[in-house]
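Please open the structure in your viewer and keep the selection tool at hand. The tour below goes stop by stop, with a note on what to select and what is there.

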Amino acid sequence: MTTNKTLYDKVFEQHIVRDLGDNQYQLFIGLHLIHEATSPQAFEMLRELNIGCAYPQLNFVTADHVTPTIEQVRPLNDQLGESMLAQLEKNVTEFGLTYFSPEKRKNGIVHVIGPEYGLTQPGMTIACGDSHTSTHGAFGSVALGIGTSQIRDIIATQTMVVNKLKVRKVAITGELAEKVSAKDVILHLIEKMGPKAGVGYVYEFSGSVVDAMCMDERMTLCNMAVEAGARCGYVNPDQTTFDYLKDREYAPTGDAWERAVAWWALLTSDEQAEYADTVEIDGTKIRPLTTWGLNLGQTIPIRESIPDRDFPSDAQELQTYDEALDFMGLKPAQKTEQIKIDVAFIGSCTNGRFSDFKLVANELKRSGRKVHAGVKALAVPGSHLVYDQMMESGVAKTLTDAGFEVRQPGCSMCLAMNDDKLIGAEVCASSSNRNFKGRQGSPKGRTFIMSPLSVAASAIAGHLADPQVMFSEF
Amino acid sequence: MTIVDSICEIKDTGIALEANDIDTDRIIPARFLKALSFTELGNQVFYDERKQTQSRGQLHPFDDVLRANAKVLAVAKNFGCGSSREHAPQALRRWGIEVVIGESFGEIFRGNCASIGLVCLTVTRDGAAALRAFIKENPGENVHVDLQEKTVSFGKDEFPFSLSEAVRERLISGRWNIVKELLSNKQQTRTLFEQLPYISDKNINTTDAMTNKNEKITKAVEIIENGGVVILPADTVYGIYGNALDERSVERAFGIKGRKRSKPLGIVSSRNKISDVVELNDSTQDVINSCWPAPVSVIAPKKVGRIPEFFSGGEDGLLVVNAQNDILAEIVERTRVPIYSTTCNLAGEDEARTSEDLKPFQDLVDLVIENDSFEFAGTPSTIVNTMSENPIVIREGSYPVDELISKVSDVSDVSVDTKMLIQ
């Protein structure tokens, strides 16, 4: 029974309804996650076509993009946001779907609550109208971000048209240094290979660094596989995966659990699996990083300076460099400690989980340091479960005492479809996932993407700061 | 905006955008994504850029009155990178663009274009540059896209384009509106759904799991016979196992445990195999025949000539444990050499019972088979010394002494001989 298949091959093949030719397949989607921002038009199209939901038991809904993080009370101040929530409620009732609502205190960032509820499981195909759906790949699933028309297709048929892609093995070996985390690993990969290197690929993350990661960290890694250009990313399931899922609300129980674990163990990529290519990264060499420009490839170790203008380049690369420098208000070779920040944001589907906040709280407690005067610091949990864990463990108190505002769960300042936005030309040290122009809500706002620990270090310093320095054991 | 089902050609004026890496947040800024329907999106395409260009006193191509009815958009590299949101192609489509032609595109963006019938064509770098130059210089001139001929023509130039055959066929036939196509396979969809393992665990082929287990067992046997070291679940904890006749393997086991050579390792065996490693005196035979398989370990006379000196270290007695779980039992049966057995722990530390505990050992051995099917017992085995005529219980463990007494003749009281306690 020895085969040479990757997990992607096995899961993909198991879900093929029909081969449509030209490498396109009608693929069954085992879990469809829906949120308020990309679904209204899909439901509208279904109404026009007079089609209902084919498999309601496989579609789950929540609200995360527009939900305010201060007081989730209806009606929202934001009229458009309020109408989106109202529309979502109408849609879930009409189409008969399970809704993790703010009213029931069951909502949160869709890519945080899916795993928490045990909905995300190894061996599934998962889709959601959001780019960072790849997060769920951390559990050994094939998790795809999709557009509104595909949301319509899945609700109507529980299938969609997908191309079969190649798999790149990304092996991260060695051991991470102190204060270096999964976020730095993925930023390092994107910087080394460029944000388009993964186009046409699915990424399989492996190696001793990944084996040692808890599920939250693996989710951070897979979350940003799309920013590396990949269609999605995954980690082979192992005991860490099974331990996370055990006893979760939608996870199998009893005999079914035993059989599930036995089946999940078989999904892992075969030893003789064939990959399109392999990339090896020495995890030991990774340092705390920050982006400095307008795409994620423009990244430097926080301890170094903004790149100087004299790098080998063609006219286009120079233009990209100049544009970034100009927009971000930076100078060639500028020291990072001169870059002041106005806002610090820890949260998002990338780094809004309990272990992210716990890590930061531990360092704040040990160092006794506080957020710098004049810096607005937000800690936004990804779900009510994360929030409750933060409260029970004292992590929330440590963060509050240090000057962070601990908020209610939601996407918050990652993409500013809610009240949390940058104002004017504010500079933000952020644990989210994109630094494009205007991303955080202000056309002139400037975003530096980094890990939660690096955000905390910067919040304390009032400027970009390296956690290896700020939190060095003393 | 009119939706035509069949798309065979587009002939109209164009707009050119020079920059690379135009991301979806620029095409449609995030704050416009709240709209519940796509109707307003057309007006909001490139909103921030157009405003900023205006404020600099310049003219953004999308604001150029001469291009207000353009249907062709010519771009450069990596157009539409960023978000999976369909709002970006929708905004372009609703503004009036019917075809985007460039050097390369964000993958999700390209997929979204296909699903809404916005034609998205890839041409060479030179072709893309020539097209943009033509459009910039000739705002009133048409660009002709022919989906059947697979060409883009403008002025005196003509370039081929690349486009997925399946997508091209769907645009031409009108089947780009995909829901109908997918709905036609309802029955196959249901059949597949019913067979998915996570839909019903009854679909899980446990023989697959068994085959997997079998493969691991075969591997373990091979490794042991070839002098390697493996970790397997024993009855209460994980154990370290290897070929008792292979000195290097035995040394590795000692090394892993940081253990003194004077404390010999045990042997794991079964009813069928025990005669290979011990002299079957009456005592030993009695206990084995009456009890095994059972968590009863014996200290029996080693088989001289079979068990090497380096293994037994001068001792006459050999501790032999009985394989309790099916993995260990299977391996014992299939391996053609005596297998040594010792608990998996570092010197002075607790024995490994969980995956977490096994982590420090992973790199030290050649194979680890984890326990995923039974609960480790809380108590270790009962040990019986069968060196002499009467069996002596050395340690009472999970096998009750009274049961032992009732089954085996002449069993003496418990006496603790610490030198022999080598578990």
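## The second largest cavity

Begin with strand 4 of chain A: with three residues, strand 4 gives the most to the lining of the second largest cavity. Bear in mind that this is a predicted model.

Now select the rest of that lining. Leu33(A), Ile34(A), Phe60(A), Val61(A), Thr62(A), Phe100(A), Val110(A), Ile113(A) and Leu119(A) line the second largest cavity. Show strand 3 (31–35), strand 4 (59–62) and helix 4 of chain A as ribbons, since each of these elements supplies at least two of the lining residues. Colour the lining by class and you get eight nonpolar residues, one polar residue and no charged residue. The volume enclosed here is about 30 Å³.

## The largest cavity

How many cavities of 30 Å³ or more does a search of the whole structure find? There are two, and the next stop is the largest, with a volume of about 140 Å³.

Select His65(A), Asp130(A), His132(A), Cys349(A) and Arg439(A). Among the 17 residues that line the largest cavity, these lie nearest its centre. Two elements of chain A, helix 4 (110–116) and helix 12 (348–351), give two or more residues each to this lining. Colour by class again: the lining of the largest cavity has six nonpolar, six polar and five charged residues. In the second largest cavity, by contrast, the charged count was none.

## Where chain B meets chain A

Zoom out until both chains are in view. Select the residues in contact: 75 come from chain A and 61 from chain B. Together the two chains bury about 5900 Å², and carbon and sulfur atoms carry 58% of that area.

Next, look at the charged pairs. Five salt bridges are counted between chain B and chain A. To view one, select Lys219(B) and Glu271(A), which form a salt bridge with their closest N and O atoms 3.4 Å apart. Polar contacts across the interface of chain B and chain A come to 17 residue pairs, with both residues at pLDDT 80 or more.

Hide chain A and keep the side of chain B that touches it. Several helices of chain B each supply at least two residues to that side, including helix 1 (24–27), helix 3 (47–55), helix 5 (107–116), helix 7 (165–173) and helix 10 (206–225). Which helix of chain B gives the most to the side that touches chain A? Helix 10 does, with seven residues. By class, this side of chain B has 21 nonpolar, 19 polar and 21 charged residues.

## Backbone stops

Most peptide bonds are trans, and most residues other than glycine have a negative phi. The next three stops are worth a look with the backbone atoms shown.

- Select Arg74(A) and Pro75(A): the peptide bond from the one to the other is cis, with omega near -5 degrees. Pro75(A) sits in the loop that runs between strand 4 and helix 3 (79–95) of chain A.
- Select Trp292(B) and Pro293(B), which are joined by a cis peptide bond with omega about 5 degrees. In chain B, the loop between helix 12 (282–291) and strand 12 (296–301) holds Pro293(B).
- Select Asn50(A), a residue other than glycine whose phi is positive, near 60 degrees. Asn50(A) belongs to the loop between helix 2 (40–49) and strand 4 of chain A.

## Last stop: Leu163(B)

Select Leu163(B), in the loop between strand 8 (157–160) and helix 7 of chain B. What does Leu163(B) touch, not counting residues up to four places away in sequence? Its contacts are Cys120(B), Leu121(B), Leu147(B), Arg168(B) and Leu171(B). Finally, set a distance between the C-alpha atoms of Leu163(B) and Lys150(B): these residues are 13 apart along the chain, and the separation is 8.5 Å.

Key: Residues are numbered from 1 along each chain as its sequence is written. Chains are lettered from A and ligands numbered from 1 in the order in which they are written. This is a predicted model: local features need pLDDT of at least 70, side-chain atom pairs count only at pLDDT 80 or more; totals for chains, interfaces and linings use all residues. Side-chain values use heavy atoms; hydrogens and water are left out. On a 1 Å grid over the protein atoms alone, a cavity is a set of points where a 1.4 Å probe fits but cannot get out, and a pocket is an open set with protein on both sides within 12 Å along at least five of seven lines; lining residues have an atom within 4 Å of a point. Grid points are joined across faces, edges and corners, and a volume is the space filled by probe spheres set on the points. Helices (H or I, at least four residues) and strands (E, at least two) are DSSP runs, numbered from the N terminus. Ala, Val, Leu, Ile, Met, Phe, Trp, Tyr, Cys and Pro count as nonpolar, Asp, Glu, Lys and Arg as charged, and the others, Gly among them, as polar. Contact means heavy atoms within 4.5 Å. Buried area is the accessible area (1.4 Å probe) that two parts lose on being put together, summed over both. A salt bridge is a side-chain nitrogen of Lys or Arg within 4 Å of a carboxyl oxygen of Asp or Glu. A polar contact is a pair of N or O atoms within 3.5 Å; within protein, one must be able to donate a hydrogen and the other to accept it, and residues adjacent in sequence count only if both atoms are side-chain atoms.
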